[in-house]
Each structure stands twice: as structure tokens, then as C-alpha cells.
Amino acid sequence: MSRCAALSAAAAAGVAALVAALLLLQPEDVGQGASLSMAETEALPKLREDFRMQNKSVFILGASGETGRVLLKEILEQGLFSKVTLIGRRKLTLDEEAYKNVNQEVVDFEKLDDYASAFQGHDVGFCCLGTTRKKAGAEGFVRVDRDYVLKSAELAKSGGCKHFNLLSSKGADKSSNFLYLQVKGEVEARVEELKFDRYSIFRPGVLLCDRQESRPGEWLVRKFFGSLPESWANGHSVPVITVVRAMLNNVVRPSDKKKELLDNKAIHDLGKADDSLKP
């Protein structure tokens with residue numbers, strides 16, 4: 001590809017990403033309250049300890065992506081689960097000592113039924129699986145973000161998973177005219193039909209992170225949100241580490257709700273709950 005063509009492609013990606021970001025600049029989703037009271041915040045350390053004592057098993061889908069990678073690191077640092085399994089299309093290189101007990105199941109997402117055993121015996125599942133339309137094309141995006149996610153959820157349910165956590169998106173709506181939000185909304189609804197004992201949906205705004213892979217469009221969007229007042233930016237974007245900590249603070253909290261919908265504000269509140277405990 002010529003330098004001119006490459007620049008044009010990058011510019012097009014940037015424009016598309018900005019349009020997507022602007023579509024997310026809509027009134028906050030009405031999610032179920034996830035903010036913690038001071039008493040609940042102070043109880044977090046004890047909740048984590050109680051959770052560890054249950055010796056639960058967890059799987060992560062999408063551990064090679066930015067959110068999944070940070071989630072894995074945080075799970076290991078907090079020591080919440082007795083067994084951690086990554087399910088993906090390739091084996092990840094995990095050289096550090098902290099990762100030595102992580103199990104990896106390599107699967108073919110086009111033939112997931114042949115790998116049903118990979119989904120058996122896990123108490124909790126986190127799905128951070130996803131791609132982009134630019135990377136996979138419209139058909140590929142739908143196949144990964146809808147078909148792979150739904151089939152994985154079905155196998156997880158059959159395999160005994162009790163608590164399924166889905167990383168979705170702010171603005172997810174199965175009736176949306178925007179393919180990305182339409183697919184996210186459809187997946188949310190169809191996973192709910194599987195009737196997990198507990199189903200937690202996380203709808204973050206624009207994820208703020210430094211990706212290992214080059215995505216010029218997302219870099220432009222991060223710069224865009226970085227130029228906004230903090231209060232405005234926090235309403236429509238969120239650091240990946242905050243999302244991950246919200247997921248884990250939520251998972252250790254007992255709940256009798258079958259479905260939880262955590263919007264961008266709730267993710268900020270829950271993911272930063274520990275900050276209020278610091279002197």
C-alpha cells in the first residue's frame with residue numbers, strides 16, 4: 001500500500017471512529033444501580049476474602065485483547081479464583097511467574113461444539129471477546145461479536161457456569177441502525193435467554209487504553225476524549241483498568257438479581273470504590 005493510500009485509510013478510520021464516538025454521546029443508559037455505599041465499600045476486603053474461600057473456577061474469553069489481558073492480570077493479583085482458564089484460538093505466551101498456573105484451552109471458534117469440554121466446570125465466566133469491522137469486515141465482526149459469543153455462552157451454561165459476565169458497550173440496542181450497537185444489543189438479549197443464575201452486563205463508553213496493536217482511529221478518539229473536561233469525558237469514556245476492577249468488585253458481591261446492567265457511570269463508581277479506602 002502506498003504512503004498516500006495508507007494515510008487515506010488511517011484518516012477514514014479516524015473519521016469512522018469519531019462518528020462512532022459521537023453516536024455514543026447520548027444520554028446515559030439506564031442501568032441498575034451498582035454504586036456502593038460507604039459500608040459496602042468498606043466491606044470489599046472481607047467480601048474478597050470470603051470469595052477466595054469458595055475456591056471458584058473462572059474462564060476468560062478474549063484474554064488476548066486489551067480488556068481481557070488486564071482482567072487476567074488483575075484476577076491473578078487479587079487471587080480470587082482457585083483455577084483460571086483462558087479459552088482462545090491460540091495459546092498465549094505467558095512467561096512471568098505469576099502466570100504459571102493459568103490453564104489455556106485452544107479452540108476453533110468455527111467448531112466450538114467439538115470443544116465443549118473447555119467450557120465445563122467453571123463457576124464464573126468473563127466474555128471480553130470482540131473484534132472490529134475494520135479488522136474483520138462486517139461479516140467477520142458479526143461472526144465474532146455475535147456468533148462466537150453466543151455459542152460460547154451456550155456451552156458455558158451447559159458446562160455449569162453460574163455467573164456469566166459480558167463486556168458490551170454503552171448504547172447497545174438491538175434495534176439500532178448502527179451495526180456495532182445493534183449486534184451488542186442482540187447479544188445481550190440472546191444471552192439473557194440462556195437464564196444463567198446470574199448475568200452481569202457491562203456497558204462502558206469508549207475504552208481508554210494503550211493498545212498493543214495499532215488502531216489509528218481509536219488513538220484519535222482517545223485524544224478527542226482527552227481534550228474534554230474530566231466530568232464530560234467520564235460520562236462517555238472509561239479506563240480499561242476501571243472496567244476490570246468494576247467487574248471484579250461486582251463478582252465478589254453477593255446478589256440475588258438474575259440480571260445486572262452496569263452502565264458507564266456505575267462502572268466508574270464500582271471500579272474506583274477502593275480509592276475511597278485509601279488514606
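**Note on the predicted model: helix H4, the cysteines and the cores**

1. The buried residues of helix H4 pack against four elements: strand E1 (57–61), strand E4 (124–127), strand E5 (163–167) and helix H5 (179–192). The coordinates are those of a predicted model. On the H4 side, the buried residues are Gly140, Phe141, Val142, Val144, Asp145, Tyr148, Val149, Leu150, Ser152, Ala153, Leu155 and Ala156.

2. H4 covers residues 133–158 and is not straight. Its end C-alpha atoms are only 30 Å apart, whereas a straight helix of 26 residues would span 38 Å at 1.5 Å a residue. A kink of about 90° is centred on glutamate 139 in H4. Just after the helix, glycine 160 has a positive phi of about 105°.

3. How many disulfides does a search of the whole structure find? The search returns zero. For cysteine 127, the closest cysteine sulfur is that of cysteine 128, and the two are not bonded because 6.8 Å is too far for a bond. Cysteine 128 is likewise in no disulfide, the sulfur of cysteine 127 being the nearest to its own. Cysteine 127 counts as buried, at 1% relative accessibility. Cysteine 128 is also buried, with a relative accessible area of 11%.

4. The largest nonpolar core has 37 residues, and those with the most contacts inside it are Leu71, Ile75, Phe81, Phe126, Met247 and Leu248. Two or more residues each come from helix H2 (38–52), E1, helix H3 (66–78), strand E2 (83–88), E4, helix H8 (240–251) and helix H9 (264–271). H8 gives the most, with seven residues.

5. Isoleucine 75 is worth a separate look. Leaving aside neighbours within four places in sequence, isoleucine 75 is in contact with Ile60, Leu80, Phe81, Val84, Phe126 and Leu248. A second core, separate from the one above, has 29 residues and includes Phe119, Phe141, Val149 and Ile201. Of these, Phe141 and Val149 are among the buried residues of H4.

6. Which strand pairs with E1 in the parallel sense, over five bridges? The partner is E2. In this pairing, serine 57 stands opposite lysine 83 of E2. E2 is mostly covered, with five of its six residues buried. Both E1 and E2 are among the elements that give two or more residues to the largest core, and E1 is also one of the elements against which the buried residues of H4 pack.

Key:
Residues numbered from 1 in each chain as written. Predicted model: local features only at pLDDT ≥ 70, side-chain atom pairs only at ≥ 80, totals over all residues. Heavy atoms only, no water. Expected span 1.5 Å × (residues − 1). Bend = angle between axes of the 7 residues up to and from the residue. Buried < 20%, exposed > 50% of the residue type's maximum accessible area, 1.4 Å probe, protein only. Contact = heavy atoms within 4.5 Å. Disulfide = S-S within 2.5 Å. Core = buried A, V, L, I, M, F, W, Y, C linked by side-chain atoms within 4.5 Å. Pairing = 2+ DSSP bridges.
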